[in-house]
Amino acid sequence: MIKVGIIGVGAIAQLGHIPSYQKVDEVEIVALSDSNKKKAEAVAKKFNIKTYFTDYKNLLKSNEIEAVSICTPNFFHQEQVIASLRAGKNVLCEKPLCLNAREAEEIFKETEKTNNKICMIAYMRRFMSISQILKELIDQGELGEIYYVKASYLRRRGIPTAGSWFTSKEMSGGGSLIDIGVHILDLSLWLMGNPTPLSAVGSTYAKFRNEAVSAGWPPASTLKGDKFNYNFDVEDLTSSLVKFNNGATLFLETSWAGNSETEGT
Ligand SMILES: NC(=O)c1ccc[n+]([C@@H]2O[C@H](COP(=O)([O-])OP(=O)(O)OC[C@H]3O[C@@H](n4cnc5c(N)ncnc54)[C@H](O)[C@@H]3O)[C@@H](O)[C@H]2O)c1
């Protein structure tokens, strides 16, 4: 039996991590933590989890817990991943891993000090059957040389709640690129065999912040006790081109909002 703790029990914890762990016989969620006490208490009751904390450091003190899911706003990720690794836990951290490359390097250094602990980012799109089949075909050479990849994650009307941490650069690290773009960037790099990037050029736009067209995320049912009063200072659309050392090129476009003809990935 793998004993798990959940840090941050907002939308993705309630709609993804907790119900998914509870479907697996070999996993038991023994505790959760959320800085919002009302929410921690309500979610523990809803999912029949016996222990809850308001300070995640108390959850990490439990010797029973072997692995944690980190489902907090982006700007807590680095601190909580490092604290979890230092407490001897395996980590599944929600995307994005952290806010920038410097923070990621510090996490990477920390993973090297652990005794083979797993530190994994929740890039679940790699595990979708369509991605697995495509990867297999590429690895078998069925598609030939992969020298040009065009990847889009476009929402026409899909900004996560305005004024929540999602739209504050300080708390989220950015808008559509770090929020949804990371999924297709990860998938593209993985399918391309992780070539080394040589250069990148891109543009960001923020044309929709006064309209704040909603994505319906996080869903109201998961927001108990949350307060929104942050800035809206992130982008809603990005376009970029990355060149790699093997000659390949990746064209990447992301939007939370835009008047594109179609949307999707
Ligand atoms: N994999 C995906 O497709 C996917 C989808 C949605 C969100 N996410 C990611 O999941 C993370 C959470 O997003 P969400 O939509 O659930 O947000 P949310 O705002 O609904 O939930 C965040 C929760 O963290 C709690 N929290 C804040 N600070 C905390 C702290 N210091 N310790 C413990 N709890 C704390 C909040 O009270 C809240 O309950 C983000 O990193 C987001 O990018 C991933």
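Trainee: How do you know where domain 1 and domain 2 begin and end?

Mentor: The domain assignment of the protein places domain 1 at residues 2-122 and domain 2 at residues 127-255, and these bounds are laid over a model that is predicted. The C-alpha centres of domain 1 and domain 2 lie 23 Å apart, and the contact draws 18 residues from domain 1 and 19 residues from domain 2, where contact means heavy atoms within 4.5 Å.

Trainee: What area do domain 1 and domain 2 bury between them, and on which atoms?

Mentor: The size of an interface is often given as the accessible area lost when the parts come together. For domain 1 and domain 2 that area is about 1,400 Å², with 67% of it on carbon and sulfur atoms.

Trainee: What makes Asp226 and Lys39 a salt bridge?

Mentor: The closest N and O atoms of Asp226 and Lys39 are 3.0 Å apart, and the rule asks for a side-chain nitrogen of Lys or Arg within 4 Å of a carboxyl oxygen of Asp or Glu, so the pair qualifies. Across the interface of domain 1 and domain 2 the rule finds two salt bridges, and it also finds eight residue pairs in polar contact there.

Trainee: Which helices supply at least two residues each to the side of domain 1 that touches domain 2?

Mentor: Helix H1 (11-22) and helix H2 (37-46) each do so, and H1 gives the largest share, four residues. By class, this side of domain 1 has 11 nonpolar, four polar and three charged residues.

Trainee: How many salt bridges does the structure hold, and why is the pair Arg86 and Glu110 said to tie parts together?

Mentor: The structure holds 10 salt bridges, and in one of them the side chains of Arg86 and Glu110 meet at 3.0 Å, N to O. Arg86 lies in helix H4 (residues 77-86) and Glu110 in helix H5 (residues 101-113), so the pair ties together parts that are 24 residues apart in sequence.

Trainee: Why is Arg86 called exposed, and what is Glu110 called, buried or exposed?

Mentor: Arg86 has 60% relative accessibility, and the cut-off for exposed is over 50%, so Arg86 counts as exposed. Glu110 has a relative accessible area of 7%, and buried means under 20%, so Glu110 is buried.

Trainee: What are the positions of Glu106 and Arg102 in helix H5, and why is Glu106 called partly exposed?

Mentor: Glu106 and Arg102 both lie in helix H5, four residues apart, about one turn of the helix, and they form a salt bridge with the closest N and O atoms 3.6 Å apart. Glu106, at 34% relative accessibility, falls between the limits of 20% and 50% and is therefore partly exposed, whereas Arg102, at 51%, counts as exposed because exposed means over 50%.

Trainee: What makes Asp186 and Arg126 a salt bridge, and why is Asp186 called buried?

Mentor: The side chains of Asp186 and Arg126 meet at 2.7 Å, N to O, which is within 4 Å. Asp186 lies in helix H8 (residues 176-192) and Arg126 in the loop between strand E6 (119-121) and helix H6 (129-139), so the pair ties together parts that are 60 residues apart in sequence. Asp186, at 10% relative accessibility, is under 20% and so counts as buried, while Arg126, at 25%, counts as partly exposed.

Trainee: Which residues do salt bridges that share partners join into one network?

Mentor: That network joins Lys3, Glu28, Lys50 and Glu64.

Notes. Residues numbered from 1 in each chain as written. Predicted model: local features only at pLDDT ≥ 70, side-chain atom pairs only at ≥ 80, totals over all residues. Heavy atoms only, no water. Domains from an automatic or database assignment. Buried area = accessible area lost by both parts, 1.4 Å probe. Polar contact = N/O pair within 3.5 Å; in protein donor to acceptor, adjacent residues only side chain to side chain. Nonpolar A, V, L, I, M, F, W, Y, C, P; charged D, E, K, R; others polar. Buried < 20%, exposed > 50% of the residue type's maximum accessible area, 1.4 Å probe, protein only.
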